[in-house]
Amino acid sequence: MTPILEVQRVRKTFGGVVANREVSLSVPEGKIYGLIGPNGSGKTTLFSSIVGTHPIDSGSIKFRGEEISRLRVPQIARLGLLRTFQQTRIYGKMTCVENLLISVAPGTLSWRSMLARPTAEETRKAEDLLAFVGLHSKRHLRAGDLSFGQQKLLEMAMALMSEPRMLLLDEPTAGINPSLINGLIARLRQINAELGITLLVIEHNMRVIMGLAEYIYCLAHGELLAEGEPAAVKSDHRVIEAYLGAH
Amino acid sequence: MKRWILIAAALALAIAAPAIIPAWRTQLAFLWVMIVFSLTWDLLGGQMGYNSFGNIVFFGIGMYVCAVVQRDLHLAYPVTLAAGIAAGGALAVSVAALLGSGILGLRGHYFAIGTLGLGIAAGELAGGWDFVGAGGGMVPPQYPGALGGRETFFYYLSFVLAAVTFVSLRWLYAGRFGLAINAIRDDEDKAEAMGLWTTRYKTAAWCVSALFLGIEGAIVGNLIGFIDPRETAFAGSTFGVWMVLMAILGGKGTLWGPVLGAVVFHVMKELFWTYLLGWQRVALGFLIVVIVIFFPVGILGWAREKWPELFGHRDEKRAAAEASG
């Protein structure tokens with residue numbers, strides 16, 4: 001199976017702190033993969049490196065066979081590789097519908113389309129996606145007035161609106177009402193199965209990630225500690241030690 | 001239907017105003033001028049979240065370019081005026097495009113301070129350049145019509161510009177352009193992460209703002225009949241500050257807010273100049289303090305927070321529950 005995302009020996013330092021040390025991982029197209037690790041192990045840094053937020057010190061990142069480690073954030077986004085944020089990022093003073101309408105696939109935006117109005121089809125799709133994440137009745141509320149969990153769902157809908165090939169989700173269930181988590185997992189599976197979007201998910205909730213991902217990478221202290229099927233990673237003594245701090 | 005009657009009534013009033021109260025033509029012309037100032041500032045400051053203190057540069061450029069064209073193009077008055085207005089708008093847009101590629105890379109306070117420097121530098125440059133009269137300024141050519149015809153003519157020109165500016169911005173805000181600059185205001189990093197061409201939108205927005213300001217400068221130079229580099233053209237301490245205040249007073253980031261703010265501010269200002277002569281600047285300063293303290297989100301912003309339903313922000317499930325219960 002050809003990997004859609006291939007990270008090879010990526011190194012990223014901030015001053016003297018090595019956030020990622022020779023991290024390599026690959027995600028095959030159409031799969032759901034997980035990325036776990038204790039706090040401060042470099043998971044979010046790796047996400048930021050992949051989507052071009054900061055330049056990496058060495059290594060290579062390939063998306064669909066193309067080297068992207070020297071591209072800037074918007075360029076990578078236009079290739080169809082998007083991330084969501086741990087602390088949600090939404091357009092707070094705009095309504096939910098507007099948040100989605102401006103999140104259409106950027107590849108479809110030409111110079112002329114700058115002046116165009118959103119089409120009826122885009123509006124319908126925006127409403128459908130809001131219904132999909134359970135925010136339809138709030139579609140005319142300002143996004144900043146939603147609760148944190150609802151903003152997370154909105155952010156996910158925005159990502160879907162732009163029809164990415166791959167989504168990097170940074171702790172999608174953190175801060176979400178536990179009673180909604182099962183529904184969210186079902187939706188992530190549905191996105192993957194029906195829309196064919198490859199997912200790489202950072203998650204602290206072990207129950208969630210073990211049930212969702214078919215393969216898991218575990219980082220600790222910026223290094224790749226273990227990888228494998230959920231059951232194998234879960235019982236790996238190095239992973240358990242890293243989480244319990246037995247160093 | 002009701003809406004069209006209102007629009008028709010407003011148009012009729014605007015057109016008839018110079019005939020009804022001829023003594024106030026200049027003040028009324030300045031009302032339209034203030035509305036354009038406020039609307040064009042809000043395009044960046046309110047809708048896009050880039051607080052510019054340098055927009056006055058485009059106004060001054062338009063004013064000088066028009067006067068130079070009128071002076072050096074030896075043709076009939078209407079021809080030179082039209083050419084001057086067009087050239088003023090065009091050069092203002094070119095300067096905005098050129099400056100935009102660099103200065104729009106600054107964010108937040110840095111952008112505000114950078115643009116503040118622009119306005120001051122432009123005033124100093126014009127005040128030292130003999131080609132445009134240096135510190136002595138310039139006098140646009142005499143209006144050829146009957147005495148008093150000048151005020152009426154430029155009243156209508158200002159009115160048309162204000163109307164065109166309003167309709168253009170309304171159209172831009174309703175489309176993807178409006179959504180994109182709002183997104184940049186709310187979270188520019190997110191907009192980039194979603195793949196938007198943010199630089200393109202930002203530069204375009206500044207150019208639109210510059211276009212209307214350049215044309216306005218060309219008109220105002222002729223309306224006042226005298227160009228001083230620091231007092232009329234690059235008047236950062238008067239027009240430059242007022243445009244910000246008017247937009248904030250009315251409610252920045254809304255379409256009608258800047259219009260409302262400009263009307264309220266201009267009327268208050270004229271009242272101070274008429275009834276508080278000698279203390280008018282103190283009163284104006286006091287008004288500014290009151291605006292900032294009591295209307296931090298502006299008149300319309302305040303109304304939107306108080307009655308969100310009127311602005312279409314409602315939770316349909318809750319609304320339905322309340323209606324049935």
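Start by selecting Ile248(B), Leu249(B) and Gly250(B) in H11(B), then add Gly298(B), Ile299(B) and Leu300(B) in H14(B): these two groups meet, contact being C-beta atoms, placed from the backbone, within 7 Å. The residues of this contact split into 4 nonpolar, 2 polar and no charged; Ile and Leu count as nonpolar, Gly as polar.

A quick note on what's on screen: this is a predicted model, where local features need pLDDT of at least 70 and side-chain atom pairs count only at pLDDT 80 or more, while totals for chains, interfaces and linings use all residues. Residues are numbered from 1 along each chain as its sequence is written, and chains are lettered from A in the order in which they are written.

Now widen the selection to all of H11 (residues 239–250) and H14 (residues 298–306) in chain B: their axes lie 3 Å apart, at an angle of about 20 degrees. H11(B) and H14(B) are therefore roughly parallel, the word for angles under 35 degrees.

Colour chain B by pLDDT (the predictor's confidence in each residue, from 0 to 100). The mean is 89, and 99% of chain B's residues reach 70 or more. The model's scores are ipTM 0.87 and pTM 0.89.

Next, hop over to chain A. Here you'll find 9 helices and 10 strands, counted as DSSP runs (H or I, at least four residues, for helices; E, at least two, for strands). The C-alpha atoms fill a box of roughly 55 × 40 × 35 Å along the principal axes. Finally, pick out the buried residues (20 or more other C-beta atoms within 10 Å of their own): they make up 45% of chain A's 247 residues.

Terms used: Axes fitted to C-alpha atoms, helices over the stretch in contact; angles between N-to-C directions. Parallel < 35°, antiparallel > 145°, perpendicular 65-115°, else oblique. Buried ≥ 20, exposed ≤ 12 C-beta atoms within 10 Å, placed from the backbone.
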